[in-house]
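Biologist: Could you take me closely through one part of this model, starting at a single residue and working outward to the elements around it? I would like the neighbouring chain to be included where it comes into the picture.

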Amino acid sequence: MTETLERTLPERELERVTIRFAGDSGDGMQLTGSQFTRTAAVFGNDISTLPDFPAEIRAPAGSLPGVSGFQLSFSSTDIHTPGDAPDVLVAMNPAALKSNLVDLPPGGALIVNEDAFTPQNLTKVGYTANPLTDGSLKAWNVIAVPISTMNARSAEGLELTNKQVDLTKNFFALGLMFWLYERDLEPTLAWIDEKFGKRPVIAEGNARALKAGYNYGETTEVFHERFIVPPAKLAPGRYRNLTGNEAAAMGFVAAAQLAKRTLFYGSYPITPASDILHQLAGYKNFGVVTFQAEDEIAAIGAAIGASYGGSLGMTGTSGPGIALKSEALGLAIMVELPLVVIDVQRAGPSTGMPTKNEQADLLQVMFGRNSDSPVAIVAPATPGECFYMAIEAWRIALKYMTPVVYLSDAFVATGAEPWPVPRIADLPDISVSNRTEREGFFPYLRDPDTLARPWAVPGTPGLEHRIGGLEKADVTGNVSYDPDNHHLMQTLRRDKIAGIADDIPPLEVHGPSEGDLLILGWGSTYGAIRSAVERLQAAGKSVAHAHLRHLNPFPANTGDVVRAYKRVLIPEVNLGQLLMLIRSRYLVDAVGFNRVRGKPFRIAEIEAEAERLLAERNGTR
Amino acid sequence: MTETNGDVALSPENAATLEGLKALPVLTRKDFVSDQEVRWCPGCGDYSILAQTQKVMPDFGYPKENIVFISGIGCSGRLPYYMNTYGFHTIHGRAPTIATGLKASRPDLMVWVITGDGDALSIGGNHLLHAMRRNVDIRVVMFNNRIYGLTKGQASPTSEFGKVTKSSPYGTIDYPVSPLAVALAAEASFIARSVDTHTEHLQRTLERAGAHKGSTFVEVLQNCNIFNDGAYKEFTDREVRDDRMLVLEAGEPMIFGKDRDRGLRLNGHKPEVVTIGENGITEADILVHDPTDPLIAYMLATIYWPEFPVPVGVIRDISRPTLDAMIAAQLEQAVAARGKGDLQKLLDSGETWTVE
């Protein structure tokens, strides 16, 4: 189809659009979604994404467990979430339709690959009749496109197998969406070139699929209008699009440079943390050493060994891996070495739902070890913030000679947003010195301000000493079973972590500094809470938002903040973990809003819960 | 053998002075003795291992600040406290992991791992396997007393079948594992065995282990006089040891016996004990030890008293690139291929756009 028909369609300007691509996990939905995201980001929209995929790499084709989805929201205004519900659902087969339709509001656009609605595929997911023809989709704006057929036609003449051609049909769908939202094909064509450059036939097949989809929109009359989402008014500067895990990996490389030390990353593959290992393994020219260990315990053990030797020893995992690392983390607490432990949380308990989101490891990293064994905990709120919290984790670990847990989650780690690229010169110096002075050296003689012990690394003449997991005598660090010494050391370890509160930014409040309701959150709930609060404020409600990035210790003003409102609402993707900490620590009657469905919060549900609380307050219960 | 072997005629005062002058210090055993009181049970085989370890330390040419002892949990785990080097008493079974991270990031250090049969082969079996197969340049010295001593007498993975212990009042029903065969299966590049009471042999074995580059595993047969006394006396006692143990030397025939008249030969692929001078057997029939031969190594790792003499000495010694060397090589390659990493460029990379 080379001839382009000139059609003049009405164009409608929209502030924000949310699209969900859904298909088989082998259909390339993650790729399709991320290509649309890149194009929207480069165009200047604000974006937010939510990849949603099964743990099975290739569940049986056409089955419900095999459905993979990618939701993205792009906007001409500042947005914080990938959208509560899609405006457009692209469903590549009946399974994708069946498992995603529930989220598409009535009136929403439903673009389906009608070729995939074969009797066999319909039966496989329990449809007794074809929903495209039985009238059951009347509530939606259904656009049935013979994607497979049209796509196969575009590949005619290329030396590709039927299977290879079928693998390009996601680009047909992508091309169609690019046409609908008036997007440039160039970034994706360039990507295809780069990705498949060595296999020109494959590259050509994908490029043709993309263009065919675009031209299909242009030449057929299934669409009656096109949509424009103008660029967002982001702050001036240079931007790039990145996920939380990518930001974290770069943040850790930056931390090593700012600390003037080698980064050593010991890790064992686990979803959704593996991407950090992959990313860091590619940074060898930065001097980054990555070590894929035999298990989670060896990964943290090697990291502790590296820190003992003066490197930035770091390990990364998800909740089940944290459970395995607990004993070694206790060792790092006892020997007071700097260490960063990344926990990219996922839904649990046990193996749980490995690719799904949850923030339920807070109490595990806070308390999940024998005895009183405090560690510092930081948690990024957005993908871009992962970069800065990576540096912050290392700043604290080095300055206080302590393990720090960097608590991220599947949503913040795999979600993407535009990120203003920082200048290195603006980043903090987090370097600390090794102890070299022999005079007055004792392994556990602490800095009076930070309570940190000296970092005396092997190879330093005259400072030979022994450390270990047995209780240490204050100052000398020799093994001690003295009762009073143990009490002293326990309180010192506690006070060292507690003292960090004076060295972190105060808890900031968005909105009135006192009033009817404070919504307090942590981690990846940031976007949904902030959006809900903005809506409530716009409706004239006395509501504020505060978001904790430091979970241990809390910022020094946290008690004052939570006590300044009549009600405190804590939404969490767990059954009330921050809630428990806040209530016990500050004796405020905070209430939780807890939903654990493996998915992030929707804005509307937080808004509704806040309104319910405000109404209770006004006696309209 | 005497207790003075390996000592050098230089007083500690002189050594300290030399060190102060930043001359190349000549170290003696005393330089490696820490100020901590040794707390093993009197009569424990660990005393001898500690003494031989301290004794061989000056031989390797490392300044003592560049030597690190890392241990796990068990009686053996206390050893680092008694060495006046850097030391790290870690957690049960995990010493090889900490040693791996340290050596991978600090190739300049000489790293020793001190462990026991429970620590290395039970709770830490996985880590031993992987440290060995990666050829991490660490020296693992495993004290094998065939019992859990620190927890007061439970069966260990090397306890003989049917052993009655506190945890196995009716006798163990677990087959014991051969530490050397495990190390061999894991492809350790140096494997040896010695005995706590054979101080001269132990010293020589530790010297060779220290000189090896790569994953090194030394099993030391060690007596626990409290919970497993006489564990090895049947073949290690002075009166019988020459007849019941086979002292290996590379390139030498496997001859043993008080009268040096017995030897090991292969009959097909099966080892057998023969007497030189009987049935026309001459020294030429005796198997010559080759520490680079995997089949010989496996045979030596699995034969045991009473069917065979117990082999001691270096069973395997091969050379291959170490983990730390390969890490360094990959870092260099990456820099050569892509230039030294520029952080600002990295941040600015990918698709970026500018908002005016």
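Modeller: I would start at N135(B), which lies just after helix α5(B) and takes a positive phi of about 55 degrees; please keep in mind throughout that this is a predicted model.

The helix that precedes this residue has a covered side, since H127(B), L128(B), L129(B), A131(B) and M132(B) of α5(B) are buried. In an α-helix there are 3.6 residues to a turn, so positions three or four places apart point the same way. The buried residues of α5(B) pack against several elements of their own chain, namely α3, α4 (117–123), β4 (138–144), α6 (179–185) and β6 of chain B, and also against α11 of chain A. Those contacts lead in two directions, one across to the partner chain and the other into the sheet, and I will follow them in that order.

Where the two chains meet, 52 residues of chain B are in contact with 59 residues of chain A. On the chain B side, two or more residues each are given by β2 (86–89), α3 (95–105), α5 (125–133), α11 (323–338), α12 (343–348) and β12 (352–355) of chain B. Of these, α3(B) supplies the largest share of the side that touches chain A, with 8 residues.

The chain A helix named above, α11(A), which covers residues 296–308, is itself packed against helix α12(A), residues 319–335, with axes that come within 8 Å and cross at roughly 30 degrees. Because angles under 35 degrees count as roughly parallel, α11(A) is roughly parallel to α12(A). The crossing of these two helices is right-handed, and the contact is made by E296(A), I297(A), I300(A), G301(A) and I304(A) of α11(A) together with G321(A), L324(A), K325(A), A328(A), L329(A), L331(A) and A332(A) of α12(A).

Turning now to the sheet, both β4(B) and β6(B), which the buried residues of α5(B) pack against, belong to an open sheet of 9 strands with mixed pairing, in the order β17(A)-β2(B)-β1(B)-β3(B)-β4(B)-β6(B)-β5(B)-β11(B)-β7(B). Its edge strands, each pairing on one side only, are β17 (466–468) of chain A and β7 (245–247) of chain B. From one strand to the next, the twist averages 20 degrees. Helix α10(B), residues 294–302, packs on this sheet by touching β5 and β11 of chain B, and its direction makes about 150 degrees with that of β11(B).

Within this sheet, β5(B), residues 190–195, stands between β6(B) and β11(B) in the strand order, and 6 of its 6 residues are buried. Both of its faces are covered, with F190(B), A192(B) and S194(B) buried on one side and I191(B), R193(B) and V195(B) buried on the other. Towards β6(B), residues 216–221, the pairing is parallel and runs over 6 bridges, and there F217(B) is the bridge partner of I191(B). Helix α7(B), residues 199–211, joins these two strands in a right-handed β-α-β unit, in which β5(B) comes before the helix and β6(B) after it.

Towards β11(B), residues 310–317, β5(B) runs antiparallel and is joined by 4 bridges. Here R193(B) stands opposite G313(B), while A192(B) stands opposite V314(B). R193(B) is thus a residue with a β11(B) partner that is also among the buried residues of its strand.

To set this region in its chain, chain B has 12 helices and 12 strands, and 48% of its 356 residues count as buried. Among its contacts between residues at least 6 apart in sequence, 64% join residues at least 24 apart. Along the principal axes, the C-alpha atoms of chain B fill a box of roughly 95 × 55 × 45 Å.

Technical notes: Residues are numbered from 1 along each chain as its sequence is written. Chains are lettered from A and ligands numbered from 1 in the order in which they are written. This is a predicted model: local features need pLDDT of at least 70, side-chain atom pairs count only at pLDDT 80 or more; totals for chains, interfaces and linings use all residues. A residue is buried if 20 or more other C-beta atoms lie within 10 Å of its own, exposed if 12 or fewer, and partly exposed in between; C-beta atoms are placed from the backbone. Two strands pair if DSSP finds at least two bridges between them. A crossover is right-handed if, with the strands pointing away from the viewer, the path from the first strand over the helix to the second runs clockwise. Two residues are in contact if their C-beta atoms, placed from the backbone, lie within 7 Å. Axes are lines fitted to C-alpha atoms, for helices over the stretch in contact, and angles run from 0 to 180 degrees between N-to-C directions. Angles under 35 degrees count as roughly parallel, over 145 as roughly antiparallel, 65 to 115 as roughly perpendicular and the rest as oblique. A crossing is left-handed if the near helix is turned anticlockwise from the far one by less than a right angle, and right-handed if clockwise.
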